[in-house]
Amino acid sequence: MKSGKIDVKRAVILGGAFMATCIGSGFATGSEFLSFFVAHGIGGAIGAIAISLIIYFLFTKELFNKGQDLPAEYHNNILAYYFGKIGGEIFDWFSAILVGGCYLIMLNGAGTTLNQYLDWDPLVGAALMALAAIITVWFGLRKLTDIIGSIGPVIAAFSVIIGVVALFRADFSNVDATLQTMNLSKAAPNWWLCGIAYPCFAMMTLTPALPSMGATANNRKTTTAAAIFGVLMFHLAIAVIVFAIFGNLDIVGAAQVPNLALSGLLGPVAQGIFVVMIILAIYTTACPMMWGFCRKITTDEKSLKYRVCIIALTVLGMIATHYFRLGDLINFIYSMSGYVGAIVLVGMFVSNMIRKKKAAAAKTDAGR
């Protein structure tokens, strides 16, 4: 029998696992923060972060708890539970397309990072990342990405340290005036839509992972505590970096990778180390994204179809790097995914309401 008490240790571990899943190359570079939060000014950013926190909590708590309530066969196919077989398959295909789109962003991110640091043509950095990803996925070197992926918490900690250091020399006196001259692109036309879209775009990639995580807890109280801890700490880290950017717009300037610009405050050696960390973070994100998309096309990793998919997706990524800035690509793919994610979130709660209503009606009929 499961204990009715909160397992604090498990809640912290689960909350940390949630953060590790959310924090990737987008967090390390800070690029997504520009269009979702910074572009709307300090007031808009505060409002968007608050909305994001609430939605992230509701979503995470729901899926953690489903890991407690549902048998294991539903954990990797949770959308079919909410939307039925056909609806689940439709959203599953959209998730695969989103994963492929994220691979395009990773190539662009690598090119943009090395362009900002070394002044290379973005296509050079993107090509090097593409080559590394192709070799890894082509020959099935998954263990390599697992090993390098373990530096994720270090990258997150380094990013927050950079944010804290930057806050000590922050100047918020001319934020609004400076923002007007920067012409930052926005993920959505207003701050509250950004607050909705930011957590919702992540839903499609987080959905398969959270129920399995929640199943490891001893009860729903523990999963709820884990959701509170993980979501709160994640958004606290976001707030630190966002306000570090606000307070150092003179340093960030037109940079597409704001955290790299801010890392210069720690000196050239630290900045060089951070560049390596960002590239490794992008690599450990790009490979699973390519795997995920191509395996949706075919599960036979030795087939010609699988390898054609690898090459085709990479060519598309190079084209996207040539024609689109990193911020514009993030805005397009993440915003579209955010709106679909919002539909999924509403659908989840409507599905729960319908099930509860049916259960109550069945109980009433049985009592007659």
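Helices here are DSSP runs of at least four residues, numbered from the N terminus. With that in hand, aspartate 119 can be placed in the loop between α5 and α6. The model is a predicted one, and this short tour starts with its loops before moving on to helix packing and enclosed spaces.

## Three loop residues

Aspartate 119 is not a glycine, yet its phi is positive, at about 65°. Asparagine 183 also has a positive phi, near 50°, and is a residue other than glycine. Most residues other than glycine have a negative phi. Asparagine 183 sits in the loop between α9 (175-182) and α10.

A third loop residue worth a look is phenylalanine 139, found between α6 (122-138) and α7 (142-149). Its C-alpha atom is 59 Å from that of aspartate 365, and the two residues are 226 apart along the chain.

Are these loop residues buried or exposed? The table gives the value for each.

| Residue | Relative accessibility | Class |
|---|---|---|
| Phenylalanine 139 | 57% | exposed |
| Aspartate 119 | 65% | exposed |
| Asparagine 183 | 65% | exposed |

Phenylalanine 139 counts as exposed because its relative accessibility of 57% is over the 50% cut-off.

## Where α4 meets α10

Now to a helix pair. Helix α4 covers residues 41-69 and helix α10 covers residues 191-206; they pack at an angle of about 35°, with their axes 7 Å apart. The crossing of α4 past α10 is right-handed.

Which residues make the contact? From α4 come Gly44, Gly47, Ala48, Ile51, Ser52, Ile55, Tyr56 and Phe59, and they meet a set in α10 that includes Trp191, Trp192, Gly195, Ile196, Tyr198 and Pro199. Also on the α10 side are Cys200, Ala202, Met203 and Leu206. Sorted by class, this contact has 14 nonpolar residues, four polar ones and no charged ones.

## A pocket shared by α4 and α17

Helix α4 also turns up in the second largest pocket, which holds about 240 Å³ of space. Its lining is made of Leu58, Lys61, Glu62, Asn65, Lys66, Asp69, Tyr81, Arg220, Phe349, Asn352, Arg355 and Lys356. The elements giving two or more residues to this lining are α4 and α17, and α4 has the largest share, with six residues. By class, the lining of this pocket divides into seven charged, three nonpolar and two polar residues.

Serine 351 is found in helix α17. With a relative accessibility of 9%, serine 351 counts as buried, because that value is under 20%. Apart from neighbours within four places in sequence, serine 351 is in contact with Tyr81 and Tyr82. Tyr81 is also one of the residues lining the second largest pocket.

## The cavity

How many cavities of 30 Å³ or more does the structure hold? There is one. The largest cavity has a volume of about 90 Å³, and its lining residues are Ser25, Gly26, Thr29, Ser31, Glu32, Ile105, Met106, Gly109, Ile282, Leu326, Ile330 and Tyr334. Two or more residues of this lining come from each of α2 (25-29), α3 (31-36), α5 (78-118) and α17 (326-367). As for class, the cavity lining has six nonpolar, five polar and one charged residues.

Note on methods: Residues numbered from 1 in each chain as written. Predicted model: local features only at pLDDT ≥ 70, side-chain atom pairs only at ≥ 80, totals over all residues. Heavy atoms only, no water. Axes fitted to C-alpha atoms, helices over the stretch in contact; angles between N-to-C directions. Left-handed = near helix turned anticlockwise from the far one by under 90°. Contact = heavy atoms within 4.5 Å. Nonpolar A, V, L, I, M, F, W, Y, C, P; charged D, E, K, R; others polar. 1 Å grid on protein atoms, 1.4 Å probe; cavity = no way out; pocket = protein on both sides within 12 Å on 5 of 7 lines; lining within 4 Å. Points joined across faces, edges and corners; volume = space filled by probe spheres on them. Buried < 20%, exposed > 50% of the residue type's maximum accessible area, 1.4 Å probe, protein only.
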